[in-house]
Every structure is written in C-alpha cells, then in structure tokens.
Amino acid sequence: MMFFEQKKDLETISIDYLYEGLTVEDDIYDHSGKLLLVAKGITLNGVMLKRLRKFNDSQHNIKVTSKVRLELVNRGLPRELKQQNFENNAGYSDIKTETENMLTISQVTNSVPYEQVSDVGNSVLERIDITDPSILFQCINAHNEIDEYLYRHSTNVAIINGLMAKWLGLNKHQTEELIVLGLVHDVGKTRIPGEILNSPGRLSESEFEIMKKHPLYSEEMLNNNISFSESVRKGARYHHERMNGSGYPDNLMYDDIPLYSRITAVSDVYDAMVSKRVYKDAQSPFRVLLQLQNDQFSGLDIKLVRLFNELMPRELIGKSVLMSNGAAGTVRHINESNIEYPVVEIDGEVMPTNENLYCLSMMMD
C-alpha cells in the first residue's frame, strides 16, 4: 500500500460495489483518496476484499475515477451474498425457510398446519425478544428477491406485528396471536393463479376481483383447522378493510374492524412498499414513512400509523444507506417534519439529503 497526494478527479462510491472476480480498470484508493488500495489491472479475490476493508479503516466508501465509478454503478451492487450472511446471523433465514415450508404445506392440503405455524411464531417471538429491532428492520428493509415474495412478506409482517404489539404494550398472548396472524394473513394467496399473483402489469378489473378473494381464502384455510383462534381467523379475513369503508371484502369501518386486522394492515402496507415486486421497484423506508405520514394509504388506523412513524425511525439511526450517487452513508438524524430526507454522514462529512442526493435503499452493516 502506498500513499499519494489526493487526486482531484476521484469520486466516492460504496466499497460494496467491489466483488470477487472484478478486474480493476483503474487504481482504487481508500476513503480519503490518499492510500492506493488496488492497482489497475488487478483481479480481486475473496481474501483481497477482506483486506481492503481492513486497510480502508472499515469505512464503507472508497475513491475511484469517474470512469470506474460509472462502470461499477452500471454493473449494479453485488450485495446479495452480504445480505444472506447477515440474515443467517440474525436468525432471519431460518424463520423464512420455516415460513416457506408452512405455506407450501398449506397450499397442498388447503389447510394451515397449526403446530407448525405455532413453532414458527415462537421462533419469531424469540427473535424479537433477543434481537435489536434495528437488526430485524435491516432484514425487512434490505433488497429482496422477487421469487421469495410470499414467504418473505409473511415473515416480515409477522415480525412487524410482533414489534407493534410490544410498542402498544399488549400482553404475551396477544403478541403471539399477532405474530401468528402475520404468518398466515396471506396464506389465501396460495390459491390465487400464478399469472395473476405474479402479473408484471396492472391487474384488470376481473383479475383484481379474483385477487380480492385472498382474505376469504385465508379465513377458509384457517377454518379447516379448529386450533386457530377466532381472532386470528377474523384478523386474516379483515386485514384489507379500511377505516373509511374503502377496503374489502366486507367494507367494514372504524371499530368494526378488529384491532389485529388494523395492526396487520399497517405492517402489510409498510412491507409491501419497501419490497420489490414484479410490477414495481422497492421504495426506501424514508419515502414510505413520508407516505404514511401524509395518509397516502387511505383508510389505515391513524393512531397506529402515528405510533409506527414515531418509533420505527429510531431503528434507522446509525444504519447504512446507499445514496442516489452510489456512495454509502450513515443515517445520523431523522427530522419528523422532513422524514423523507434524513441527515447522513458520508466520508466524515455530515450533510442533509434532498431531491438531488437522497437515500436509495438500506444497506447491510
């Protein structure tokens, strides 16, 4: 490693854009731009990548020429392996796999296996009890694979439901039921034709009518196992009801909608918006929090939304974000009056974000 005077044409980019097998087309420098990390023409391997982080003082960013930065950004961020390792260590991957198995059995038998759901629910509750919520939200907010949609979504809603229960001060039994509801609320989607469930375009009116049957299917499949409580069964049926009567399947309003359903509706909407789907890109948590704050998801319980928007942002403080310019930043402050644009730190410089420099997505620390 050699020191040089900082080049003026160097630009900042996240070190996560480097990957094993990449042949460097120009010199790469540390986050200060003074220490040469990799010389032009070198092909990176796993050992070298680990050493790079050490020599870079464990900083997220490096300095490259504008040409290299453009090429790396165009290739995309190879973060899937890093995310997988993070989720494995957090215990999230095991829960996700258990949820997938449960949904597969439900689809084949048209009945939801209570004992298996209960076991998964206990795993979620244990994780919530022993894991910092910010770590769980990193799993939820991070990049996800489209083909994992249903079982990842069910896992995420179960986790958020459990956290909401704790924030609301609900008892252990209620918390357990809300977690179970999160796991099974969308089980009825296993009966929706794949071409509708995974449609890349806007659903036709007739297709949407079919999609709207999934809460009814969820209730029917839960009714096939008498072990599920009425609260869970009705919670699944009504999780798409809205306070203003605009929801489905029964157009309920206000207190006619069970608390469990109102909580699950908030969890369901949040996870749906931060997740990538075949028909849409993922949105950053900050954008979704703004939309919740502005009541853009009409008909959610405003008291629950306010609670979520008050307590969830603190789990983002100190976390890593990928910026719109390709750099990695750290969230330092979130202002309630400007929740979409947090204050971030990039290479030691603290700065506000705006419509020109904004948080694109969360990153694994």
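The following questions and answers concern the nonpolar cores, aromatic pairs, helices and sheet of a predicted model.

Residues are numbered from 1 along each chain as its sequence is written, and side-chain values use heavy atoms, with hydrogens and water left out. Because the model is predicted, local features need pLDDT of at least 70 and side-chain atom pairs count only at pLDDT 80 or more, whereas totals for chains, interfaces and linings use all residues.

User: Which residues touch the most other members of the largest nonpolar core, and which helix gives the most to this core?

Analyst: A nonpolar core is a set of buried Ala, Val, Leu, Ile, Met, Phe, Trp, Tyr and Cys residues joined through side-chain atoms within 4.5 Å. Buried means under 20% relative accessible area, exposed over 50%, and partly exposed in between, with a 1.4 Å probe and protein chains only. The largest core has 79 residues, of which Val112, Phe137, Trp167, Tyr270 and Phe308 touch the most other members. The helix that gives the most to this core, with 10 residues, is α7 (residues 149-168).

User: How many residues does the second, separate core have?

Analyst: This second core is separate and includes Ile13, Tyr17, Ile28 and Met363. Its number of residues is 20.

User: Which residues does Trp167 touch?

Analyst: Contact means heavy atoms within 4.5 Å. Residues up to four places away in sequence are not counted for Trp167. The residues touched are Phe137, Leu307, Phe308, Leu311, Met312 and Arg314.

User: Which residues do ring pairs link into a cluster with Trp167?

Analyst: Rings of Phe, Tyr and Trp (its six-membered ring) pair if their centres lie within 6.5 Å; planes under 30 degrees apart count as stacked, over 60 as edge-to-face and the rest as tilted. By this rule the model has 7 aromatic pairs. The residues linked with Trp167 are Phe137, Tyr270 and Phe308.

User: What is the angle between the planes of Phe137 and Tyr270, and how far apart in sequence are the parts that the pair ties together?

Analyst: The rings of Phe137 and Tyr270 are edge-to-face, 6.3 Å centre to centre, with 90 degrees between the planes. Phe137 is buried at a relative accessible area of 1%, and Tyr270 is buried at 0%. Since Phe137 lies in helix α6 (residues 133-141) and Tyr270 in helix α13, the parts tied together are apart in sequence by 133 residues.

User: Is Tyr114, which pairs with Phe228, buried, exposed or partly exposed?

Analyst: Tyr114 and Phe228 form an edge-to-face pair, 5.1 Å centre to centre and with 80 degrees between the planes. Tyr114 is in helix α5 (residues 114-130), while Phe228 is in the loop between α11 (214-223) and α12 (230-237), 114 residues apart. Phe228 counts as buried at 2% relative accessibility. At 28%, Tyr114 counts as partly exposed.

User: How many of the residues of helix α13 are buried?

Analyst: Helices (H or I, at least four residues) and strands (E, at least two) are DSSP runs, numbered from the N terminus. Helix α13 (residues 259-274) reaches 23 Å from its first C-alpha to its last, close to the expected 22 Å, where the expected span is 1.5 Å times one less than the number of residues. Helix α13 is mostly covered, and the buried residues are 14 of 16.

User: Which residues does Asn141 touch?

Analyst: Asn141 is in helix α6 and is buried, with a relative accessible area of 5%. Residues up to four places away in sequence are left out of its contacts. Those touched are Tyr270, Val274, Pro285, Met312, Leu316 and Met362.

User: Which strands stand at the edges of the open sheet?

Analyst: Two strands pair if DSSP finds at least two bridges between them. The open sheet has 5 strands in the order β9-β8-β7-β6-β10, with antiparallel pairing. A single partner strand each means that one side is left without a neighbour in the sheet for β9 (349-352) and β10 (359-362).

User: Which residue in the hairpin of β6 and β7 takes a positive phi?

Analyst: Strands β6 (residues 320-323) and β7 (residues 328-333) run antiparallel and are joined by 3 bridges. Val321 has Gly329 as its bridge partner in β7, and Leu322 has Ala328. The hairpin has 4 residues between the strands, and the residue with a positive phi, near 95 degrees, is Gly326.
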